[in-house]
Amino acid sequence: MSPEPNYTVSDLQKQQFAGIYLLEYMINAPKVFQLMLEDGEEDLESILEWLLVRDLIEIKEEERYAPTQKGRKALEKFMARYSDFLSFFDVFCAVDLGAGEFAFASYYEFQNPEQWKGFLADERWEDLRIAVAAYKGIDPVEIVFMSFLNEGRFGRSETGWEFDLLLGSVWDEILNICNSALHADQLGYEDDQGEVPGEAVLQDVIAQGLNLIEQLHQHGRPYSEQIKHAVSDGPSAATVEAVELLKKRSNDFDNSPTPPKRWQDDWEL
């Protein structure tokens with residue numbers, strides 16, 4: 001059995017994730033940051049400077065930061081991956097390995113979000129998103145970061161969110177999720193036919209998940225079309241064109257240990 005993974009996140013990765021988070025905020029909310037940052041925004045200064053030296057944002061009229069075309073291209077690349085996360089990885093968040101059942105197979109049986117959340121909270125479900133990501137050669141830290149975005153875990157209205165974005169305990173929480181999650185080796189078992197390796201189990205899970213994804217999309221399953229924004233700066237909305245998620249789901253995923261092409265590139269900012 002392979003040693004259990006020990007995922008880490010470097011300061012550079014934190015800067016990249018925090019940078020893309022601010023870029024999305026500046027382009028899609030859209031949020032305007034003045035050169036003289038307001039109270040509570042001082043913790044964002046190092047991230048804004050980091051984006052500035054990489055030409056992802058610029059200074060306009062000597063008074064405010066604004067996204068550049070290069071910044072928009074970086075966000076478009078990230079949002080394409082985020083679309084994949086929403087359309088592919090979500091179904092693997094709750095799998096009953098004993099029964100061979102996906103929670104999302106019952107998605108249309110629930111009338112409201114609260115009932116659905118209660119169903120997902122059942123202890124029989126295992127979250128296999130980390131195992132699937134690692135098997136596909138995709139960084140699990142990026143997948144958990146995206147799940148936190150989707151759940152609004154970073155927040156933009158709570159006191160201190162600016163500090164948490166780069167330096168807060170949220171990164172310890174992300175690593176704890178990655179390191180405590182089930183991984184492929186733990187999925188193996190023995191039956192009358194002999195040993196079934198974890199990788200074979202995972203390949204079967206992914207194949208079943210892909211079939212379920214196809215069924216869900218034939219029903220027109222909705223998903224969040226944008227990252228949630230707690231704050232909108234209204235009047236500036238007309239000055240920045242939003243970068244949206246891909247409207248079509250990706251057909252690039254299969255149950256091979258190879259990521260789709262757009263996940264093979266390093267999206268280093």
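Residues are regarded as buried under 20% relative accessible area, as exposed over 50%, and as partly exposed in between. On this scale, in what is a predicted model, R124 counts as partly exposed because its relative accessibility is 29%, whereas D96, at 11%, counts as buried. The side chains of D96 and R124 meet in a salt bridge, with a separation of 3.0 Å from N to O. This pair links distant parts of the chain, given that D96 belongs to strand β3 (residues 95-96) and R124 to the loop between α4 (113-120) and α5 (129-135), with their positions 28 residues apart in the sequence. Salt bridges with shared partners further join D96 and R124 with E101 into one network.

The count of salt bridges comes to 10. Among them is the contact of E58 with K60, in which the closest N and O atoms are 3.5 Å apart; E58 is partly exposed at a relative accessible area of 31%, and K60 is likewise partly exposed, at 34%. Another salt bridge is formed by the side chains of E76 and K73, at 4.0 Å from N to O. E76 and K73 are three residues apart in helix α3, so about one helical turn separates them, and E76 counts as partly exposed with a relative accessibility of 34%.

Acidic side chains also contribute to the surface in another way, as E38, D39, E42, D43, E45 and E49 form a negative patch. Of these residues, E45 is found in helix α2, which covers residues 45-53, and its relative accessible area of 38% places E45 in the partly exposed class.

A search of the whole structure finds 21 aromatic pairs. In one of these, the ring centres of Y82 and F85 lie 6.1 Å apart and the ring planes meet at 15°, so the pair is classed as stacked. Both residues are part of helix α3 (residues 69-87), where a spacing of three residues puts Y82 and F85 about one turn of the helix apart, and both Y82 and F85 are buried. The rings of F110 and F119, by contrast in their geometry, have centres 4.7 Å apart and planes at 40°, so this pair is tilted. F110 counts as partly exposed at 22% relative accessibility, while F119, at 19%, counts as buried. F110 and F119 belong to one aromatic cluster that also includes F104, Y107, Y108, W116 and W125.

Several features of the backbone were also examined. Most residues other than glycine have a negative phi, and most peptide bonds are trans. A cis peptide bond, with omega of about -20°, joins A29 and P30, and P30 is located in the loop between α1 (11-28) and α2. A positive phi, near 60°, is found at D55, which lies in the loop between α2 and β1 (57-60). Phi is also positive at E62, with a value near 55°; E62 is situated in the loop between β1 and β2 (64-67) and counts as exposed, with a relative accessibility of 74%.

Finally, a contact between separated parts of the sequence involves Q203, whose C-alpha atom is 8.7 Å from that of P257, although the two residues are 54 residues apart along the chain. Q203 is found in helix α9 (residues 198-218) and, at 28% relative accessibility, counts as partly exposed.

Methods:
Residues are numbered from 1 along each chain as its sequence is written. This is a predicted model: local features need pLDDT of at least 70, side-chain atom pairs count only at pLDDT 80 or more; totals for chains, interfaces and linings use all residues. Side-chain values use heavy atoms; hydrogens and water are left out. Patches are made of residues with over 30% relative accessible area and no salt bridge: like charges are joined within 9 Å, nonpolar side chains (Val, Leu, Ile, Met, Phe, Trp, Tyr) within 5 Å. Accessible areas come from the Shrake-Rupley method with a 1.4 Å probe; for residues, only the protein chains shown count as cover. Lys and Arg count as positive and Asp and Glu as negative; His and the chain ends are not counted. The place of a charge is taken as NZ of Lys, CZ of Arg, CG of Asp or CD of Glu. Helices (H or I, at least four residues) and strands (E, at least two) are DSSP runs, numbered from the N terminus. Buried means under 20% relative accessible area, exposed over 50%, partly exposed in between (1.4 Å probe, protein chains only). Rings of Phe, Tyr and Trp (its six-membered ring) pair if their centres lie within 6.5 Å; planes under 30 degrees apart count as stacked, over 60 as edge-to-face and the rest as tilted.
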